[in-house]
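Hi everyone, thanks for making time. I'd like to walk you through one protein model today, so have a look at it first and then we'll go through it piece by piece.

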Amino acid sequence: MSHVTDMKVLFTRLFSIKNGFNNIRWGTRQFSQDSGKSVQTLPPLSEPMPNLSPVIYSSAKSEDSITEVTVLSNGLRVASEKKFGQFCTAGVVIDSGPRYEVAYPSGICHFLEKLSFGATHKYPTRDVMLRELERHGGICDCQGSRDTTVYAASADSKGLEAVTQVLAEVTLRPQLSTDEIEAARQAVAFELETLSMRPEQETILMDMIHAAAYKGNTLGLPKICPQENVYKIDRGIILNYLKNHYTPNRMVVAAVGVDHEPFVEYVQKYFVDMKPMWNSEDNNSFTPNVDKSIAQYTGGIEQEECEIPLYPGSDLPELSHVVIGIESCSHGDPDFVATCVLNMMMGGGGSFSAGGPGKGMYTRLYTNVLNRYHWMFNATAYNHAYGDTGLFCVHSASPPNRIYDTTIVIARELSNMAGKVGETELRRAKTQLQSMLLMNLEARPVVFEDVGRQVLATGKRKPPSYFINEIEKITADDIVRVAKRMLSKRPSVAARGKLTHLPTFEEIQANMTLNKSDTSPQGRRLNLFRV
């Protein structure tokens, strides 16, 4: 009975609400028809709102895109650029990375990433520091590459001084307590364990291809901490590394979205006037001991026979991975822009996407490789540029019984780079590179990193317009010349998975060698692989 009663009450209420709505609608119509006046008392949208201050719109100013650089008394460089918005991004870019670990156990920079933004002399715990950033809506991060380490934070521009102090504390005055070192050690060990359990292989393969290309020197040293070094690295080794590499002449403090003058004052106060924790009064004569070796490209092969984990819940088969690389040029080389255009022409990616292979992508690794050979699951081109060299490589993946075919196809496609370059594909690659450059620079953190890296490498920053014009100047002859220059060097190979059918290094090299009587390798095709 209670259920029936409840239903009656519900219907009664719904009926009364319905009648109420009808009365409201009818009353509105009567008012509109009888009075002929507008129902709303607000002014129409065609007229400006009264008693409001005039709107000030943002406008592009040439001075906003100028990067200002100041060199302080101790050699520390400070760079900044204005950018419209409430928030700013500031950070420290340091000439430090695995390539400088030749005199140390490899893996120190891996540890430093895990130790970043921990307890310092000013902030007794990580939580205290993070609360200071959160007061200004801030977030922080630390990332390292093979030759650079970046500490960065984004926050409200009004909190610039606090952000600058935090950055100075984490780079120059970390506590590095025993508990923090052990926590970092556990994090590194856990990461090494999970790397071997994941189907994604890019991280491991990039270490392997660099080890093959620069065997035993500089860029060939591992970015991932080797298993045997996890328990060797201690506080003393880390402090010794910081003392030698975190020096003013190897650092750039950069910010985007700030005024330059107050930023320089904050950097002077927290980075110069306050000394690093490893500096004592009696070490004024200390001379940093830093490896200044130039990268020596060797070429060669690195391979690891293992079982690659499968993607959970996926129909993808077990895959074997191969990366073939050749030496390219540094980011300061005149051929750098042409190499970037060539990288866009090669393109590539995975064979599975929301529209099947291709999906409107007309790069060579799609049209010539992924769309032709159904058993190839990945073919992606990369170009790594450093201060003294570069590495151009293609990563591919296929089932183990097809690894021979996959390797030969990729080797010949690399050789075909020195063949004819179509006008349409060149135009498409140049336009794609230009649009990618401009779209990436819409993000404030990307602008910060660009400012920091360029000032660290050259002492100044070239504007995006410079690179847009340089890209536009690239011709088909430039692409062919750069390709031939790269193909004249000994290749590098990294392979991981079940490698029973992997071709020998000599076979791979033979398929990448340009025949002097055949100046157009673009026309050579393999009948063997028409499956």
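Let's jump straight in with a pair of residues: A90 has A255, in β6, as its bridge partner. Strands and helices here are DSSP runs, numbered from the N terminus, with at least two residues for a strand (E) and at least four for a helix (H or I). I'll say that two strands pair if DSSP finds at least two bridges between them.

Before I go on, some housekeeping. This is a predicted model, where local features need pLDDT of at least 70, side-chain atom pairs count only at pLDDT 80 or more, and totals for chains, interfaces and linings use all residues. Residues are numbered from 1 along each chain as its sequence is written, and side-chain values use heavy atoms, with hydrogens and water left out.

So, how confident is the predictor? pLDDT is its confidence in each residue, from 0 to 100. For this chain the mean pLDDT is 88, and 85% of the residues reach 70 or more. There are stretches to be wary of, though. Residues 21-34 have a pLDDT below 50, and that stretch makes seven contacts in the model beyond near neighbours in sequence. By contact I mean heavy atoms within 4.5 Å. Residues 516-531 are also below 50, and there we find 31 contacts beyond near neighbours in sequence.

Now the overall picture. We have 16 helices and twelve strands in the chain. Out of 531 residues, 48% count as buried; that's under 20% relative accessible area, while exposed is over 50% and partly exposed is in between, with a 1.4 Å probe and protein chains only. If you take the contacts in the chain with a separation of 6 or more, 80% of them come from residues 24 or more positions apart.

Back to the strand we started near. Which strands does β3 pair with? One is β6, antiparallel, over six bridges. Another is β5, residues 149-156, also antiparallel, with eight bridges joining it to β3. If you want a spot to click on, T89 has S154 in β5 as its bridge partner. Seven of the eight residues of β3 are buried, so the strand is largely enclosed by the rest of the structure.

Something that packs onto that region is helix α8. It covers residues 260-272, so 13 residues, and reaches 17 Å from first C-alpha to last, close to the 18 Å expected at 1.5 Å a residue. That expected span is 1.5 Å times one less than the number of residues. Its buried residues are H260, F263, V264, V267, Y270, F271 and V272. Why do they line one face? Looking down the axis of α8, they fall within an arc of 160°, so they line one face of the helix. The arc is that of the directions from the helix axis to the C-beta atoms. As a reminder, an α-helix has 3.6 residues a turn, so residues three or four places apart point the same way. On the other side of α8, E261 and E265 are exposed. And what does the buried set pack against? That would be β1 (68-71), β2 (77-81), β3 (87-94), α4 (160-172) and β6 (251-256).

Another helix worth a look is α2, residues 108-115. Six of its eight residues are buried, so it is largely enclosed by the rest of the structure. The buried ones are I108, C109, H110, F111, L112 and L115, and their cover includes β5, α5 (178-195) and α7 (235-245). After α2 comes F117, with a positive phi near 55°.

Last region: β11, residues 390-398. Nine of the nine residues are buried, so this strand is largely enclosed by the rest of the structure. Both faces are covered, with G390, F392, V394, S396 and S398 on one side and L391, C393, H395 and A397 on the other. Strand β8, residues 320-327, pairs antiparallel with β11 over eight bridges, and I324 has V394 as its partner there. Strand β10, residues 378-385, is antiparallel to β11 too, over eight bridges, and a hairpin of four residues joins β10 to β11.

Let me finish on A385, which sits in β10 and stands opposite G390 in β11. Is A385 buried, exposed or partly exposed? Its relative accessibility is 26%, so A385 counts as partly exposed. Leaving out residues up to four places away in sequence, A385 touches C329, H331, F336 and G390. The C-alpha atoms of A385 and S328 are 7.8 Å apart, with their positions 57 residues apart along the chain.

Terms used
pLDDT = per-residue confidence, 0-100.
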